[in-house]
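Me: I have a model open and would like to know what lies behind some of the words used for it. Please take them one at a time.

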Amino acid sequence: MDLEERLRPAVFPLLNWFHDNARELPWRSDPTPYKVWVSEIMLQQTRVAAVLGYFARFMEALPTVEALANVEEDELLKLWQGLGYYNRARNLQKAARQIVQDRGGVFPDNYGELLTLAGVGEYIAGAIASIAFGEAVPAVDGNVLRVVTRLTGDAGDITKPETKARIRSALAAVMPQALAGTFNQALMELGALVCLPNGGPECGRCPWQGLCAACRDGKTAVLPVKSPKKQRKVEGRTVYLIFREGKVVLRRRPDSGLLRGLWEFPNVPDSREDALNEWGLADAATLDGPGARHIFTHIEWHMQSVQVFPTGDALPEGWVWADRAALAERYPIPNAFDGFRRCVEGQLRQTEPRKAWEP
Ligand code: SF4
């Protein structure tokens, strides 16, 4: 039996299940192309529950594609702070400018044209085209690959483009033409709520229980097949939390490479021991601070901090002194420094004058 034949009987049980179980989500109740697009970009690598607050804040600040095209980059990145993968936000703005400047503000309304927008690949284009415009195209991401390979018992490696292409074409053949957006959302919802990753599917609650090859053959722990990722490089870093008179030092990262253009506490690879000297802070008092780890896609930072208390306020060019309000509202600081940011906020709060009614 080929893939299409194995998928076909699963279509209507899935649609019925989705009808009864779909979560109410702000981009579902009002699926404008702009809302579907922003939500799908936010949902890459991030769970729905975590995205809800960011989505509401983003839509309030930037309710239209024009507002997104015109916002200052720092303000945009500040709205994105905490979601990570900041290139997603930059590409959103790049695409918004394509729409406003090249297309007179008219959102592309089909799969082929959506693919020409910055940061929009096959999955996002499929999601917008089907959900916002009703075009019958699949939207295949890791969740969809997982549920389909389990249902059909397909042992193809889902990291390989040929597996994805095969599944995409089978889905295109079986999807109901008039309900393409609903069908795609139903597949995503099943992957998010029932057919969970890492060997943890809840088959007892699944509309496909009687049809599913992985469930029948006891293969839910081995499907989907995924070739192992390369090991991440581990890098030790020293992070300097430099305090003076209720402020802390921030600097902007370079315009290219990891976390480009975002703000950070000055830091160096552990192999460098002369940093304070080089920055003109060799005479400052120092104290060991907390440590933290952060995992990126290809690299892992193991960080140790040093608190630094200089006697003067001279800094290398381009560095700034930020108070607690500026730290919270003005400078976009990547997740990698979250633990340090919280610790710094606590320190700065202690140095602020107490209000009369505070203990
Ligand atoms: Fe996933 Fe189990 Fe449903 Fe199969 S029956 S699709 S393994 S949840």
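Me: What makes α4 and α10 count as being in contact, and which residues meet?

Reply: This is a predicted model. Contact means heavy atoms within 4.5 Å. On the α4 side, Pro-33, Val-36, Trp-37, Glu-40 and Ile-41 meet residues of α10. Their partners in α10 are Tyr-123, Ile-124, Ala-127, Ile-128, Ile-131, Ala-132 and Phe-133. These contact residues divide into 11 nonpolar, no polar and one charged.

Me: How is the packing of α4 (residues 33-43) and α10 (residues 122-133) described?

Reply: Two packed helices are described by the angle between their axes and the distance between the axes. Here the axes come within 9 Å and cross at roughly 145°. The crossing of α4 past α10 is right-handed.

Me: What makes a residue part of the shell around the ligand, and which residues are there?

Reply: A heavy atom of the residue must lie within 4 Å of the ligand. The residues around the ligand are Arg-150, Val-194, Cys-195, Pro-201, Cys-203, Cys-206, Trp-208, Gln-209, Cys-212, Cys-215 and Thr-220. Cysteine counts as nonpolar, and the shell has eight nonpolar, two polar and one charged residues. The space that the ligand takes is the largest cavity.

Me: Why is the peptide bond between Leu-223 and Pro-224 called cis?

Reply: Its omega is about 0°, and the bond is cis. Pro-224 is in the loop between α14 (213-217) and β1 (233-244).

Me: What is notable about phi of Gln-45?

Reply: Most residues other than glycine have a negative phi. Gln-45 is not glycine, yet its phi is positive, near 70°. Gln-45 lies in the loop between α4 and α5 (48-61).

Conventions. Residues numbered from 1 in each chain as written. Predicted model: local features only at pLDDT ≥ 70, side-chain atom pairs only at ≥ 80, totals over all residues. Heavy atoms only, no water. 1 Å grid on protein atoms, 1.4 Å probe; cavity = no way out; pocket = protein on both sides within 12 Å on 5 of 7 lines; lining within 4 Å. Sits in = over half its atoms within 2 Å of the grid points. Axes fitted to C-alpha atoms, helices over the stretch in contact; angles between N-to-C directions. Helix = DSSP H or I, 4+ residues; strand = E, 2+ residues; numbered from the N terminus. Left-handed = near helix turned anticlockwise from the far one by under 90°.
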